[in-house]
Amino acid sequence: MSPQSSAAFVADFRQAAPYIHYLSGKTIVLAVSSHVLLADKLASLAKDIQLLASLGVRLVLVHGTRQYLNNMMHAAGETLSYHRGWRITDEATLQQVKQACGMVRFDIEAALSSSPAQMPDRNQRRLRVASGNFLLAKPLGVLDGIDMGYTGRIRKVDAEAIQQRLNEGCLVLVSPLGQSLSGKSFNLGLDDAAQALAVTLKAEKLVFLTSDDGVRSADGTLLNQLTAADAQTLLDTSAHSADMSRMLKAAIYVLENGVRRAHILSGLNDGSLIAELFTRQGSGTALAQSSFMRIRAADNRDIGDIISLIAPLEHAGILLPRNREYLENHIHEFSVLEHDCHVYGCVALKVFEQQHTGELACLVVSPDAQDGGYGELLLDYVLKQAKARGVHTLFALSTNTGDWFDERGFETAELSELPPARQEQYLQNKRRSKIYRRSLV
Ligand code: 1C4
């Protein structure tokens, strides 16, 4: 490996590491559209799914059938009928749906049975697939005078049975068919089944793998991240395909019902699932109930992350040394910036109440997230915090970040302007840091 590609690999691996840790033991529902399954992408998708399983992700895969059905109906010279976006399933169509489900299941099971290259012991660690009567259905009934036949809605998800299979290390494969208590089968919508599974299983994520790259704005720009409120506005204000509207509605529903993230991405691009789950920029659209980035007060659970951020800079002499004990005693002064559940930055505000002054200290943004404005956001946050606490002058001491403060409204100050306790510490540590001041009044 060349030094350049080795450095790129190390950077990518470092970026992925927190996501690997975070997803291990979590449940993800993958809703795979039939467009993807029919586009010869199953083999590469199966490799990515096996990789996820090998990292300890609990996987439930629910598949679509529409393209298979369309092909079968086309070959028979027939067409499918829809009403209000729902397929009308008569007796003959139900037989076709069952056939399509059978074909898709066998194809998926075969693809997932191939020996994954990344498994150390190829025979023992083969991914096992479990299927079953996990979805209890009820008929949709008569809509606007039209008998929807064997089109159904979810009545109940047998979460206990699915969890049992997941605990055994299986991937659970679910077809969009449900059974009623009277012993009949009903055809279900992929989005309907996927959202019910994600909510009932308290999944971490619902991921739609589709033929679209993700969600696009009215001007066609691919949107990497959306809040549920943004997604609702998009649904209300711009036109989308029927499939995209259904996925967006399902995404909003699951986010409102406890699922942390929904993702809509292309299943046609090789590796898109891995890029979406293990990189900050993703490959499609990630949706969350509220903003992905937030700055919040730190607590003791953040100490490990803060140490990881500051340790290299302490060794380089850029920051003052702060050990775990110090952090435990002063954690109330710290704030952290987190994006998508990972801590990417920290800052502390020390207030000297008698002098109405404060010090912005321990300001760090993780090297893989620098130059993206996080430093500025942390500064703004501390400025607001300081004002709210009656600080008139905010200081920052630095050996090498003077220009950064200069460009953000700070000016140089004298040692004598610092509160006496801070002057004493300054003289003791002999760092001869530059002192910067910004007036807040
Ligand atoms: N000097 C000048 N400009 C800098 C710079 C530097 N050292 N580092 C980055 N920039 C520029 C970038 O080139 C970029 O410029 P551009 O492209 O916009 O023209 C811009 O800043 C990026 O701004 P941003 O808002 O995206 O900023 P981030 O990259 O997100 O974060 C940090 C900026 C400086 C926070 C980040 O680069 C970082 O973490 N650096 C390493 C740690 C560091 O230097 N922190 C500043 C500490 S000063 C210490 C303490 O322990 O309390 C020491 C106290 C003492 O007694 O000596 C502090 C406060 O923590 N003090």
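Student: Which residue in strand 19 is the bridge partner of H339?

Tutor: That's H342. This is a predicted model, by the way, and everything we discuss is computed from it.

Student: What makes strand 18 and strand 19 a pair?

Tutor: Two strands need at least two bridges between them to pair. Strand 18 (residues 334–339) and strand 19 have six bridges, in the antiparallel sense, so they pass that cut-off. The two strands form a hairpin with two residues between them, and D340 in the turn has a positive phi of about 50°.

Student: And what makes strand 19 and strand 20 a pair?

Tutor: Apply the cut-off of at least two bridges again. Seven bridges join strand 19 to strand 20 (residues 357–365), in the antiparallel sense, so the two count as paired. One of the matched positions is F352, whose bridge partner in strand 20 is T357. Here too there's a hairpin, with four residues between the strands, and H356 in the turn has a positive phi of about 50°.

Student: Why is strand 19 called mostly covered?

Tutor: Buried means under 20% relative accessible area. In strand 19 (residues 342–352), ten of the eleven residues are buried. For the protein chain, buried residues make up 47% of the 441 residues.

Student: Let's go to the open sheet. Which strands stand at the edges, and why are they called that?

Tutor: The eight strands run in the order 5-10-2-1-13-15-16-14, with mixed pairing. Strand 5 (129–130) and strand 14 (225–227) each have a single partner strand, so one side of each has no neighbour in the sheet.

Student: How do you know that strand 14 is paired with strand 16?

Tutor: The cut-off is at least two bridges. Three bridges join strand 14 to strand 16 (residues 285–288), and the two run parallel, so they count as a pair. Look at L226, which stands opposite L287 in strand 16.

Student: What does helix 5 touch when it packs on the sheet?

Tutor: Helix 5 (residues 91–113) touches strand 2 (58–63), strand 5 and strand 10 (171–174). The direction of the helix makes about 145° with that of strand 2.

Student: Which residues of the largest nonpolar core touch the most other members?

Tutor: L30, I49, L273 and L394, out of 62 residues. Helix 5 gives the most to this core, with eight residues. Leaving aside neighbours within four places in sequence, I49 is in contact with L30, L59, L61, L112, L127, L171 and L273. Another core, of 46 residues, lies apart from the largest one; L135, A194, A228 and L248 are among its members.

Student: On to the charged pairs. What makes R66 and D243 a salt bridge?

Tutor: The nitrogen has to be within 4 Å of the carboxyl oxygen. For the side chains of R66 and D243, the N to O value is 2.7 Å, so the pair qualifies. R66 lies in helix 4 (residues 66–75) and D243 in helix 9 (residues 242–256), so the salt bridge ties together parts 177 residues apart in sequence. Both residues belong to a network of salt bridges that links R66, D191, D243 and R246.

Student: Why is R66 called partly exposed?

Tutor: Partly exposed sits between the two cut-offs, under 20% for buried and over 50% for exposed. R66 comes out at 25% relative accessibility, and D243 also has 25%, so it is partly exposed too.

Student: What makes D144 and R84 a salt bridge?

Tutor: The N to O value is 2.9 Å, and the limit is within 4 Å, so the pair counts. D144 is in the loop between strand 7 (142–143) and strand 8 (146–147), while R84 is in the loop between strand 3 (82–83) and strand 4 (86–87), so parts 60 residues apart in sequence are tied together. Both D144 and R84 are exposed.

Student: And R301: buried or exposed?

Tutor: Exposed is over 50%, and R301 has 72% relative accessibility, so R301 counts as exposed. The side chain of R301 meets that of D299 in a salt bridge at 2.6 Å, N to O. D299, with a relative accessible area of 25%, is partly exposed.

Student: How many salt bridges does the count come to?

Tutor: By this rule, 18 salt bridges.

How values were computed:
Residues numbered from 1 in each chain as written. Predicted model: local features only at pLDDT ≥ 70, side-chain atom pairs only at ≥ 80, totals over all residues. Heavy atoms only, no water. Buried < 20%, exposed > 50% of the residue type's maximum accessible area, 1.4 Å probe, protein only. Contact = heavy atoms within 4.5 Å. Axes fitted to C-alpha atoms, helices over the stretch in contact; angles between N-to-C directions. Core = buried A, V, L, I, M, F, W, Y, C linked by side-chain atoms within 4.5 Å.
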